[in-house]
Structures are given as C-alpha cells and as structure tokens.
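Here is a friendly walk through one protein model, from its overall fold to its charged pairs and one of its pockets. Have the structure open as you read.

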Amino acid sequence: GVEFLGGLAEGGAPVSVVLLSGKDDRLLRGVQEMAVERQVRVIGRLRKPATMEQLRDVLERVAGGTKNRSSAHSAPNFSPADVARAMDKGEFVAFFQPKVATDSGITVGAEVLARWQHPRHGLLAPGAFLAAMDQANLRKLDLQMAQAGVSECRKWLDHGCDLSVSVNASVATLQESGYADHVAEIAARHRVPNASVMIEVV
C-alpha cells in the first residue's frame, strides 16, 4: 500500500484514496500523514475487515460533498470548440481509482478516469464535458487516457507493484478500426505486458 501511494504521488496526478488496513490506528494515521505530504488526498481511513456499509458511507460522504459544492454553481455549458482547445492545452488529466479484490481486500489494479482541470471552473467530471465532445475528440481523449494509464502502470511495475490498469473507451471509439492496436503499441513502448492492460467499454 505504501509503495502504491508513492507511485501515485510520483505520477503527479491529483488522486483521492481510502486507506484500508488491519494494522493499528497509529500506523494508519502515519500513512495518512505521508499521503498528505505527497499531495494524495485521503477521503477515509478504515480498519480491516471493512464492511460494505462502511465503504458506502465513506463514498456517500464524498459524493454528497461534491454534489453540494457543485449545486452552488450553475453548470457550465461547453461547446466542441471549448473541449478541443482544452485538449490542445493539456487540461484533461488522469485520475486513478483503485480496484480491490473483494475476497482478499488486496489492490489488484486501478481504473483510469478522465477529468478536466478547467482554469475557471475547477475540476470537472465527465458529465460536464462528454456531451460537448464530437467523435474525433472522444477518440483522442480515450487515447490520451490510455497513454496516461499505461505510463503510470510502468511506474508501478518499476516499484515492484504488480498491478493492472483499466482504460475506458466509448463504443464509438471501439467501433473504429485500430484502437486496440494503438493501445497495444502504447503498452509496447512502455514495456507493459498486454495482460496488464484492460479496455473497459463505457
């Protein structure tokens, strides 16, 4: 877990995590302090074995806070040109959501999530910008997130963390020829085994 946090911090992308451990609370507090120092946001701290109710409570608190903050501002209305300019400026960033085996509680990988770091509106989830994306920009975003995810996976492997990465792709992107080949080429460039990269349809 500590190695995983270190890998996330080195990746430079802003992330949020829930700490889950069977160790005593003092150790968990120490790990939390280390995460905060490395600019990794800790949204919860749970002792093993955690129940689904405890996990749901943590996630609902975070979702509720996000909803309340969002409701205080009117939803921005973007055009395809706005999205294209943002992509050219590199304003879309990758977030990583850990994937945990329910039977063991062990982190087995992470899913790449696209977010828009808007200079005026702050961090935006896909619901704020997907409707403004044409197919060309959607494919470009899918490939950018695949690149970010595979690059991060290489860092995990270099730190001895045998974790997989899941990249999202729209149905329209997958219907275009060559997308899977592009992802395989990205994996080859970063020396990441194909078995460590999964494509999820969204």
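A residue counts as buried when its relative accessible area is under 20%, as exposed when that area is over 50%, and as partly exposed in between. By that yardstick, 37% of the 202 residues of this protein are buried. Please keep in mind that the model is a predicted one.

**Overall fold**

The secondary structure consists of 7 helices and 7 strands. Following the sequence, you will meet them in the pattern α-β-α-β-α-α-β-β-β-α-β-α-α-β. Among contacts with a separation of 6 or more, 66% join residues that are 24 or more positions apart.

**Two residues of strand S4**

Ala 110 is a good place to begin in strand S4. Its relative accessible area is 0%, so Ala 110 is buried. Beyond its neighbours within four places in sequence, Ala 110 is in contact with Phe 96, Gln 97, Pro 98, Lys 99, Trp 156, Ser 164, Val 165 and Ser 166. Take Ser 166 from that list: 56 residues separate Ala 110 and Ser 166 in sequence, yet their C-alpha atoms are 6.2 Å apart.

Strand S4 also holds Arg 115. What is the nearest side chain of opposite charge to Arg 115, and how far away is it? The answer is Glu 111, at 8.5 Å, and Arg 115 is buried without a salt bridge. Setting aside neighbours within four places in sequence, the contacts of Arg 115 include Glu 91, Phe 92, Val 93, Phe 95 and Phe 129. Leu 123, Leu 124, Ala 125 and Pro 126 are also in contact with Arg 115.

**Salt bridges**

How many salt bridges does a search of the whole structure find? It finds 4, and the table includes three pairs from the structure.

| Pair | Closest N to O distance |
|---|---|
| Lys 140 and Asp 88 | 3.1 Å |
| Glu 200 and Lys 99 | 2.9 Å |
| Asp 158 and Arg 154 | 2.9 Å |

The side chains of Lys 140 and Asp 88 meet in a salt bridge. Because Lys 140 sits in helix H5 and Asp 88 in helix H4 (residues 80-88), this pair ties together parts that are 52 residues apart in sequence. Lys 140 is partly exposed at 33% relative accessible area, while Asp 88 is exposed at 60%.

Glu 200 and Lys 99 form another salt bridge. This pair links distant parts of the chain, with Glu 200 in strand S7 and Lys 99 in strand S3 (residues 92-100), 101 residues apart. Both partners are partly exposed, Glu 200 at 25% and Lys 99 at 26%.

Asp 158 and Arg 154 lie 4 residues apart in helix H5, so about one helical turn separates them. Asp 158 is exposed, with 52% relative accessible area, whereas Arg 154 is buried at 15%.

Arg 154 is also in contact with His 190, which is found in the loop between helix H7 (179-189) and strand S7 (197-201). Is His 190 buried or exposed? At 18% relative accessibility, His 190 counts as buried. Gln 147, Val 150 and Ser 151 are also among its contacts.

**The second largest pocket**

The second largest pocket has a volume of about 240 Å³. It is lined by 15 residues, and those closest to its centre are Ala 114, Leu 130, Asp 142, Asn 168 and Val 202. Strand S4 (107-118), helix H5 (135-158) and strand S6 (164-169) each give two or more residues to the lining. By class, the lining has 11 nonpolar, 2 polar and 2 charged residues.

Terms used:
Residues numbered from 1 in each chain as written. Predicted model: local features only at pLDDT ≥ 70, side-chain atom pairs only at ≥ 80, totals over all residues. Heavy atoms only, no water. 1 Å grid on protein atoms, 1.4 Å probe; cavity = no way out; pocket = protein on both sides within 12 Å on 5 of 7 lines; lining within 4 Å. Points joined across faces, edges and corners; volume = space filled by probe spheres on them. Nonpolar A, V, L, I, M, F, W, Y, C, P; charged D, E, K, R; others polar. Buried < 20%, exposed > 50% of the residue type's maximum accessible area, 1.4 Å probe, protein only. Lys, Arg positive; Asp, Glu negative; His and termini not counted. Contact = heavy atoms within 4.5 Å.
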